[in-house]
Amino acid sequence: YGRLDGTTIIEQTAITGDVQIQAGDDAGQTFTYTSGDGTYRLAEVGLTLYEESGQPFQTVTLTIRDSFNGTILTSASIDSNEMTTSFAEYTFDVADITLNDGQEYVIQVETTGSKIRIGRSSSDPYAGGTRLNTGGNVQNNEDLTFRINRVTNFTSNLVLHHTFDTDASDSSGNNYDGTLQNGASINTTSG
């Protein structure tokens, strides 16, 4: 497997308000996804955020958990010096992790400081989840503004695949065979 650009599988971007987080007061968003393959691999999560002006340095951490304040499955952080004082999307490159189709997971966002604002949407709610307040309670008909990308499998829509294990044949089945030139050979001995 490998990451091409990743495929966006969930996206909620209409900002109708915001949620403030500070140290000890996290925000959350539940999500579910069904790939049809039984599992899928998460690549990155985008959040629409900003830091209020005049704040000291802080770190914003996004975790993927099995429940609010539950087991951390993966995490990524950004420093506030990378943030602006108006809404912008920030990408959290989470470690590739395999998640189960149809299972609910939680995006939980925390900071080491204060006055980080996360975009909130109350128009056209995301059907596969909902926003959680700082206590982990469901906020009906509200979502954080977020985007989730899954890992794209390099073998999907593969046009050409040379293994170079014995010759320059195309293993994709598309018959784009290569030809070794000028006496070139492939060493098939191990060692």
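These legends describe close-up views of one predicted model.

**View 1. The whole chain is built from strands.**
This is a predicted model of a protein chain with 191 residues. The chain has zero helices and 14 strands. Read along the sequence, the pattern is β-β-β-β-β-β-β-β-β-β-β-β-β-β. Of the residues, 40% count as buried. The chain exposes about 9900 Å². Carbon and sulfur atoms supply 41% of that area. Now take the contacts with a separation of 6 or more: residues 24 or more positions apart account for 73% of them.

**View 2. The largest nonpolar core has 32 residues.**
Which residues touch the most other members of this core? They are Phe 31, Leu 49, Phe 92, Ile 107 and Ile 148. Strand S4, residues 39-51, gives the core its largest share, five residues.

**View 3. Ile 148 sits among residues from other parts of the sequence.**
Residues up to four places away in sequence are not counted here. Ile 148 touches Thr 7, Thr 8, Ile 9 and Ile 10, among others. Its contacts also include Leu 42, Glu 44 and Val 45. Phe 31 and Ile 107 are touched as well. Those two are also among the core members that touch the most others.

**View 4. Asp 18 and Arg 117 meet in a salt bridge.**
The structure holds seven salt bridges, and this is one of them. The N to O distance is 3.0 Å. Asp 18 lies in strand S2 (residues 17-21), and Arg 117 lies in strand S10 (residues 116-121). The pair therefore ties together parts that are 99 residues apart in sequence. Are the two partners buried or partly exposed? Asp 18 has 28% relative accessibility, so it counts as partly exposed. Arg 117 has 19%, so it counts as buried, the limit being under 20%. Salt bridges that share partners join Asp 18, Glu 52 and Arg 117 into one network.

**View 5. Arg 65 pairs with Glu 110.**
These residues form a salt bridge, with the closest N and O atoms 3.6 Å apart. Arg 65 lies in strand S5 (residues 59-65). Glu 110 lies in strand S9 (residues 105-111). The pair thus ties together parts that are 45 residues apart in sequence. Arg 65 is buried, with a relative accessible area of 8%. Glu 110 is partly exposed, at 26% relative accessibility.

**View 6. Arg 120 and Glu 142 form a buried pair.**
Their side chains meet in a salt bridge, at 3.5 Å from N to O. Arg 120 is in strand S10. Glu 142 is in the loop between strand S12 (138-139) and strand S13 (143-144). The pair links distant parts of the chain, 22 residues apart. Both residues are buried.

**View 7. Gln 58 is a buried loop residue.**
Where is Gln 58 found? It is in the loop between S4 and S5. At 1% relative accessibility, Gln 58 counts as buried. Its side chain reaches the backbone oxygen of Ser 114 at 2.9 Å. Leave aside its neighbours within four places in sequence. Gln 58 is then in contact with Glu 51, and with Ile 78, Asp 79 and Ser 80. Its other contacts are Thr 111, Thr 112, Gly 113, Ser 114 and Ile 116.

How values were computed
Residues are numbered from 1 along each chain as its sequence is written. This is a predicted model: local features need pLDDT of at least 70, side-chain atom pairs count only at pLDDT 80 or more; totals for chains, interfaces and linings use all residues. Side-chain values use heavy atoms; hydrogens and water are left out. A nonpolar core is a set of buried Ala, Val, Leu, Ile, Met, Phe, Trp, Tyr and Cys residues joined through side-chain atoms within 4.5 Å. Buried means under 20% relative accessible area, exposed over 50%, partly exposed in between (1.4 Å probe, protein chains only). Helices (H or I, at least four residues) and strands (E, at least two) are DSSP runs, numbered from the N terminus. Contact means heavy atoms within 4.5 Å. Accessible areas come from the Shrake-Rupley method with a 1.4 Å probe; for residues, only the protein chains shown count as cover. A salt bridge is a side-chain nitrogen of Lys or Arg within 4 Å of a carboxyl oxygen of Asp or Glu. A polar contact is a pair of N or O atoms within 3.5 Å; within protein, one must be able to donate a hydrogen and the other to accept it, and residues adjacent in sequence count only if both atoms are side-chain atoms.
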